[in-house]
Each structure stands twice: as C-alpha cells, then as structure tokens.
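Me: I would like a close look at a single part of this model, with the strand pairing, the burial and the charged contacts around it spelled out. Please take your time and keep the account connected.

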Amino acid sequence: MHLLLIEDDAALHTTLQRSLVRARLRVDVCSDGAQALAAWQTLEPDVVVLDLSLPGRDGLDVLKDARAAGLKTPVLILTARGTVGDKVLGLNAGADDYLPKPFDLDELEARVRALHRRHGGAIAAGGDAQVGSLRLDRASGAIYHRHEVLDLTPRELALMSALMARPGHAVPKERLFEVVFPGEADVQFEAIEVVVYRLRKKLSATGVQLVTLRGLGYLLKVAA
C-alpha cells in the first residue's frame, strides 16, 4: 500500500514514516500545504493522511481542491483540532475518517488499512494482496497460488497485479492496456485480449476467474 502523509511536524512525520514503513507500507511525506495537491496528483497514493494545520495552505482547502480535481483517494484527517465542529467540516470537505491528536500508532495503522480495504484494496497478512488462493507478494512482485509461484510473462504479471489491487471491482480495459503496454503506441488495443486469454488458461486450476464485464472492463473473482 502506498501512503501519502501530509504533515508539517518534522518529528511527528519522521516517527510516523518509520512506524508505517516497518508495517510494510510505502510512505511519501509532504510538509507544505502549498505543494500538497501537486504531490497528491503526482504520486497517486492509495491513502492520504492529511494534517489540517499546514504552512502555505490549510489542510481543508487542500482536501477541497483535491476533491474538486476529481481525486477520490481515501483520506484520513489527522489534527489537533479535536472539536466536533472541525470533524464535521473535515468530513463535509470530503474526508473519509478523522483521528485527533494525540493518537495511538497502532490505531492509525488500523484505520489506514481499513480505509484501503473499503476503497478496493486487499491487504492480507504482511501487506500482500490476496484473491482466493492467489497472493501477490508486494516485496518480490511474484504471484503465488498457495505456495507455488505462478509462471507468468511480464505482461501477464502486470495485468494480474492491476486486477489484484481491486478484487471484485472491474478495471477498465483502457487502464489495463496502459499498464500492460506502457508507451507502446504501435500495439493494437485488442492485444490486451490476447493477454487475458492466456491468463484465463493459467488461472483455470486456481479457483480464481478472470471475468469480462461488457462496457466496464475485467475483474477477478473467486469461483463459486
């Protein structure tokens, strides 16, 4: 899971970054409200932890701008403003959760993981993505069926990794094409269907199906 921490307290964001990295999260930090939106758009994190009191631009304004720009990343507000009124303002601005300071590090991690799960991430023990009997090892990038590594080509692996990031949710064909054939302008769009066909054959004995949803894209689901 990729987390963007927008927090200006150097001691606090250093502590949080170390703790969350030990929990096997990838963490980027932005300490300036004026640069926060650009960092958010560039890094495309899975979850944002956002302080409200920031130099350069208030956290609520950053959040409002992000939502206005179409960024749907789940957001956990982290702030010393602990009143009910501030909580309501944050939630109305587009936040998904709220944790007042001081807080417990274990609770922060649990809330971040819960946000990721609710918004399509699948975090298993150790931070790996899991769909049925398939597991994507975040550290190595390999996909396992039970305890055996699936024999996948780089393009098959890229497609599977994108689908496993959103189990039960359709991933548009256009998005998958960008992931599987990045920057390859000479490749025909229908080439993604060849990769899907080969993957279906390799998944046939795993209990996980690669399903086509007409007009929506592809998704992974556990066979009934």
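Reply: What follows begins with one strand and works outward to its surroundings, ending with charged pairs elsewhere in the chain. This is a predicted model, in which local features need pLDDT of at least 70 and side-chain atom pairs count only at pLDDT 80 or more, while totals for chains, interfaces and linings use all residues. Residues are numbered from 1 along each chain as its sequence is written, and side-chain values use heavy atoms, with hydrogens and water left out.

The part to look at is β1, which covers residues 2-6; helices (H or I, at least four residues) and strands (E, at least two) are DSSP runs, numbered from the N terminus. Of the 5 residues of β1, 5 are buried, so the strand is largely enclosed by the rest of the structure. Here buried means under 20% relative accessible area, exposed means over 50%, and partly exposed lies in between (1.4 Å probe, protein chains only). His2, Leu4 and Ile6 point one way from the strand, whereas Leu3 and Leu5 point the other way, and all are buried.

β1 has parallel partners in both β2 and β3, where two strands pair if DSSP finds at least two bridges between them. With β2 (residues 26-30) there are 5 bridges, and the two strands run parallel; in this pairing Ile6 stands opposite Cys30. With β3 there are 4 bridges, again in the parallel sense, and Leu3 has Val47 as its bridge partner there. The connection from β1 to β2 includes α1, and together the three make a right-handed β-α-β unit, a crossover being right-handed if, with the strands pointing away from the viewer, the path from the first strand over the helix to the second runs clockwise.

β1 also helps to cover a helix. The elements that cover the buried residues of α5 include β1, α1 (10-22), β3 (47-51), β4 (75-79) and β5, with contact taken as heavy atoms within 4.5 Å. The buried residues of α5 are Leu108, Val112, Arg113, Ala114, Leu115 and His116. An α-helix has 3.6 residues a turn, so residues three or four places apart point the same way. Helix α5 spans residues 105-118, 14 residues in number, and reaches 20 Å from its first C-alpha to its last, close to the 20 Å expected at 1.5 Å a residue, a span that is reckoned as 1.5 Å times one less than the number of residues. At the N-terminal end of α5, Asp104 acts as a cap, with a side-chain oxygen 2.9 Å from the backbone nitrogen of Asp106.

The charged pairs complete the picture. Side chains of opposite charge can pair when their charged atoms come close. A search of the whole structure finds 12 salt bridges, each being a side-chain nitrogen of Lys or Arg within 4 Å of a carboxyl oxygen of Asp or Glu. Glu7, Asp51 and Lys101 are linked in a network of such bridges. Asp28 pairs with Arg26, their closest N and O atoms being 3.9 Å apart, and Asp28 is partly exposed at 23% relative accessible area.

Another salt bridge joins Asp96 and Arg67 at 3.2 Å, N to O. Because Asp96 lies in the loop between α4 (84-92) and β5 (97-100) and Arg67 in helix α3 (residues 59-68), the pair ties together parts that are 29 residues apart in sequence. Asp96 is partly exposed, with a relative accessible area of 28%, and Arg67 is also counted as partly exposed, at 23%.

Further along the chain, Glu193 and Lys173 form a salt bridge with closest N and O atoms 2.5 Å apart. Glu193 belongs to helix α8 (residues 191-203) and Lys173 to helix α7 (residues 173-180), so this pair ties together parts that are 20 residues apart in sequence. Glu193 is partly exposed, at 37% relative accessible area, whereas Lys173 is buried, at 17%. Leaving aside neighbours within four places in sequence, Lys173 is in contact with Phe189, Ile192, Glu193, Leu216, Gly217 and Tyr218.

Notes
A polar contact is a pair of N or O atoms within 3.5 Å; within protein, one must be able to donate a hydrogen and the other to accept it, and residues adjacent in sequence count only if both atoms are side-chain atoms.
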